[in-house]
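Here is my note on the cavities, pockets, core and charged pair of the model you sent. The points are numbered for ease of reply.

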Amino acid sequence: MQLSVFLLNLTAAVVLLLYSTRMVRTGVERAFGAELRNVFMLSRRSTVLNSFAGILAAALLQSSTAVALLVSGFAATGVMGVTGSLAVVLGADLGTAVAVQFLSLDIAWLMPVLLVAGGLLFLKGSARVIKQIGRVLMGVAFILLSLRMIGDATEPLRSSPYLQPVVQHLSDDLLTAFAGGAALAFVFHSSVAAILMLAAFCAQGLLPLEAGLPLVLGANVGSGLIAVWLTRNMHGKARRIALGNIVVRVSGGIAALMLLRHVALPLDVVASTPARQLVSFHFLFNAALLVAFLPLVVPLAALTRHLVPADDDQAEV
């Protein structure tokens, strides 16, 4: 009975986390979708501006996948080129890391304020935008509530005799942890939700940093796999965006995994607790990928054109 109660409580917390991240994304899309599309259009002439547009959009939507699907559609119709779209997606991955940084802060005190303000705006607001802003505020509050629920649900695991062998295996076998993180993000269809849950486990003392870091790297790859899966039946130009992103995710993830195997990263310099170190590592990893690969978007786009030929390879912006 105890096991069934634990699984029920943990599943409920995870479902609320997934629902609330979706709630924020749909609220932003409904309130500011047209404005976000205009931002992409205005940034088309510069890959640097493309990347900043991706950061902004993903931070607001809390989903790099949503941004990738949006610009993939633009690429398929010729509104944006593959090069610019790849720059947007690179920025979007960093944007989700920014969102994770904020949501993992100790701001549980803000939850009732967001619930009251969001509820009033959603229920009493007459304008569509006002209602959707209320929806976003409630979504953020539900995320904070779900993280508290995850902490409460996993409290009994501290005394479990099975926990230590599992986390020790993940700490010793980085490839297994890497694959597990990728599977977790893909099943959740949200790297934000996956990494917030891992950070909650770290905060509870259930997940050591040595196991958490390769799990985070895997979650970044899993995030890229989501876009590959969702664009599998789209136009060739759209599939190139997801393919280019997964090439970056996998190559960067493997390089970082090898670094973890041989180097002890001084993460205590950037944060004092394991949970904050975990999300800071996620942010630094995505920032490093943006810096490393943004200058390479032209050859990366050429590689995707070779791997995924389109029927109508007209000149691209």
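1. A cavity is a set of grid points where a 1.4 Å probe fits but cannot get out, and a residue counts as lining when it has an atom within 4 Å of such a point. With that in hand, the second largest cavity is lined by Ser-64, Asp-93, Thr-96, Ser-191, Asn-220, Ser-223, Arg-249, His-282 and Asn-286. The model is a predicted one.

2. This second largest cavity encloses about 30 Å³ of space. Its lining has no nonpolar residues, seven polar ones and two charged ones. At least two lining residues come from each of α4 (82–103), α10 (209–230) and α12 (274–293).

3. Which side chains meet in a salt bridge? Those of Asp-93 and Arg-249 do, at 3.0 Å from N to O. The two partners belong to distant parts of the chain, Asp-93 to helix α4 and Arg-249 to helix α11 (residues 236–262), 156 residues apart. The structure holds one salt bridge, and both Asp-93 and Arg-249 are among the residues lining the second largest cavity.

4. Are the two partners buried or exposed? Asp-93 has a relative accessible area of 3%, so Asp-93 is buried. Arg-249 has a relative accessible area of 2% and is therefore buried. The cut-off for burial is under 20%.

5. How many cavities of 30 Å³ or more does the structure hold? There are two. The largest contains about 60 Å³ of space. Thr-21, Arg-25, Gln-62, Ser-63, Ser-64, Thr-65, His-189, Ser-190, Ser-191 and Val-192 form its lining. Two or more of these residues come from each of α1 (2–42), α3 (64–77) and α9 (191–203). By class, the lining of the largest cavity has one nonpolar, eight polar and one charged residue. Ser-64 and Ser-191 appear in this lining and also in that of the second largest cavity.

6. Turning to the open sites, the largest pocket has about 410 Å³ of space. Its lining numbers 19 residues, and those nearest the centre are Ser-104, Leu-105, Leu-147, Arg-148 and Ala-203. The elements giving two or more residues to this lining are α6 (128–153), α9 and α12. Helix α6 contributes the most, with five residues. The lining of the largest pocket divides into 11 nonpolar, four polar and four charged residues.

7. The volume of the second largest pocket is about 350 Å³. It is lined by 15 residues, with Leu-163, Val-166, Val-167, Leu-170 and Phe-201 closest to its centre. Both α7 (163–172) and α9 supply at least two lining residues, and α7 gives the most, with four. What is the make-up of this lining by class? The lining of the second largest pocket has 13 nonpolar residues, two polar and no charged.

8. The last point concerns the largest nonpolar core, which has 94 residues. Phe-40 and Ile-150 have the most contacts inside this core. Leaving out residues up to four places away in sequence, Ile-150 touches Leu-10, Ala-13, Leu-17, Met-197, Ala-200 and Phe-201. Phe-201, one of these contacts of Ile-150, is also among the residues closest to the centre of the second largest pocket.

Terms used:
Residues numbered from 1 in each chain as written. Predicted model: local features only at pLDDT ≥ 70, side-chain atom pairs only at ≥ 80, totals over all residues. Heavy atoms only, no water. Core = buried A, V, L, I, M, F, W, Y, C linked by side-chain atoms within 4.5 Å. Buried < 20%, exposed > 50% of the residue type's maximum accessible area, 1.4 Å probe, protein only. Contact = heavy atoms within 4.5 Å. 1 Å grid on protein atoms, 1.4 Å probe; cavity = no way out; pocket = protein on both sides within 12 Å on 5 of 7 lines; lining within 4 Å. Points joined across faces, edges and corners; volume = space filled by probe spheres on them. Nonpolar A, V, L, I, M, F, W, Y, C, P; charged D, E, K, R; others polar. Salt bridge = Lys/Arg side-chain N within 4 Å of Asp/Glu carboxyl O.
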